[in-house]
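Let's take a friendly walk through a protein model and see how its rings, strands and core residues fit together. Have the structure open as you read.

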Amino acid sequence: MVKKENGGVKGLIIILVILVLVAGGILGYKIVQDKENNISVVSEGNSTEPKQEEKKIKVFQGNDRPIAVMIDNHSDAWPQAGLQKAYMTYEIIVEGGETRLMALFKGEEAEKIGPVRSARHYFIDYAMENDAIYTHFGESPQADSDIKKYSINEIDGIMEDGTTFWRVKDKAAPHNAVTSMSKLIESAKNKKYKMTSAKESVLNYTTDEVALEEGKEAISVTIPHSQLQTVKYIYDEENKVYKRYARGKEQKDWDSKNAITTKNIIITFCDNYTLVDKENKGRQGIKNIGTFDGYYITNGKAIPIKCIKNARDEQTIYQDLDGNEIKVNDGNTFVNICPIAAKVTLEEAAKKNT
């Protein structure tokens, strides 16, 4: 009886030992796994909290090469099409006190753009600094010369086959030639132009909202380009954009009839002059190489800036008065280049009569 009891006790002890070893093994495995998981989380983000997705700039993304389009800004050309889909639009003086626009598109589909007008040589500077394919309908002699000199990738409506551009019936020539992004891309591909670009944006966009808290109130901005053409922007506080007016008229999209708005306004003060040539049409040039005063305006505020362009094909650098490159809100931008003597006014409250 004693031997049987001793044998039973030994068997029980063996079973207990096995159970202890198994339990210990399971516990040890869990501890090791927990440690590995913890190390993995910490090494990836130095935090056990889930990693937040990085915000990306919306207005300038991807590697699609920009396409620049010369837009007619004569009053007979209003309203224009496609401006709201451009990420940047330059406005500069031309002959007769008129201004012309150059709209830049990147990765956006626009079914109707225009009216498209002829090239002027100083707009080529801003096409080059954006690495853009330059679209126009005819050109001045100076523009023709510079397009050849700088080997500009161009799409000229006069030289196209009749499908890239078309004329509409609700406006009279020469204010009725239009195109689309799909047609321009097709034409550029047929010409074997490179369709991608690694060039960074001219503007230093940020996803953090730029408030310009130390800036001057700019609820209404008036920019006289000439005696004929005065532009006004009025701040829409609810939507945090500026509505655009020209010669007292609200600017609207040709088809949608919606107001043309912009998130950012940049003003550059540099003088223009009348060219002396055989045609004697009063065509203009601008003195845009060097350092010039200006403003950056967004969210109802304005700050003085320096606009630095060292060469025609180099990107313009926009700095605050401390020499730091300004941060620009993620959104579309109008760049108004006007004479140094232009009496630009920034007002705290928009006037009712525009």
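The charged end of K309 sits over the ring of Y126, 5.3 Å from the ring centre. K112 makes a contact of this kind with W254, its charged end lying over the ring at 3.7 Å from the centre. Keep in mind that this is a predicted model. Here are the two contacts side by side:

| Charged residue | Ring | Distance to ring centre |
|---|---|---|
| K309 | Y126 | 5.3 Å |
| K112 | W254 | 3.7 Å |

Rings also meet other rings here: the structure holds eight aromatic pairs. One of them joins F137 and F165, and it counts as edge-to-face because the ring planes stand at 85°, with the centres 5.5 Å apart. Why does this pair tie together parts that are 28 residues apart in sequence? F137 lies in the loop between β4 (133-136) and α3 (141-149), while F165 lies in the loop between β5 (154-156) and β6 (166-167), so the contact links those two places. F165 has 7% relative accessibility and therefore counts as buried, since the cut-off for buried is under 20%. Elsewhere, F60, Y87 and Y205 form one aromatic cluster.

Now look at strand β15, residues 264-269. How many of its six residues are buried? Six of the six are, so the strand is mostly covered. In a regular strand, side chains alternate between the two faces of the sheet. In β15, N264, I266 and T268 are buried on one side, and I265, I267 and F269 are buried on the other, leaving both faces covered.

β15 has partners too. With β18 (residues 290-298) it pairs in the antiparallel sense over five bridges, and N264 stands opposite T298 in β18. With β22 (residues 333-338) the pairing of β15 is parallel and runs over six bridges; there, I265 stands opposite F334.

Finally, turn to the nonpolar cores. In soluble globular proteins, nonpolar side chains tend to be buried together. The largest nonpolar core of this model has 43 residues, and those with the most contacts inside it are M102, Y134, Y205, Y296 and Y318. Among the elements that give two or more residues to this core are β1 (67-71), β2 (88-93), α3, β18 and β22. Which element gives the most? That is α2, with five residues. There is also a second, separate core of 37 residues, which includes I113, V221, A302 and A342.

Notes. Residues numbered from 1 in each chain as written. Predicted model: local features only at pLDDT ≥ 70, side-chain atom pairs only at ≥ 80, totals over all residues. Heavy atoms only, no water. Phe/Tyr/Trp six-rings, centres within 6.5 Å; stacked < 30°, edge-to-face > 60°. Helix = DSSP H or I, 4+ residues; strand = E, 2+ residues; numbered from the N terminus. Buried < 20%, exposed > 50% of the residue type's maximum accessible area, 1.4 Å probe, protein only. Lys NZ or Arg CZ within 6 Å of the ring centre and 35° of its normal. Pairing = 2+ DSSP bridges. Core = buried A, V, L, I, M, F, W, Y, C linked by side-chain atoms within 4.5 Å.
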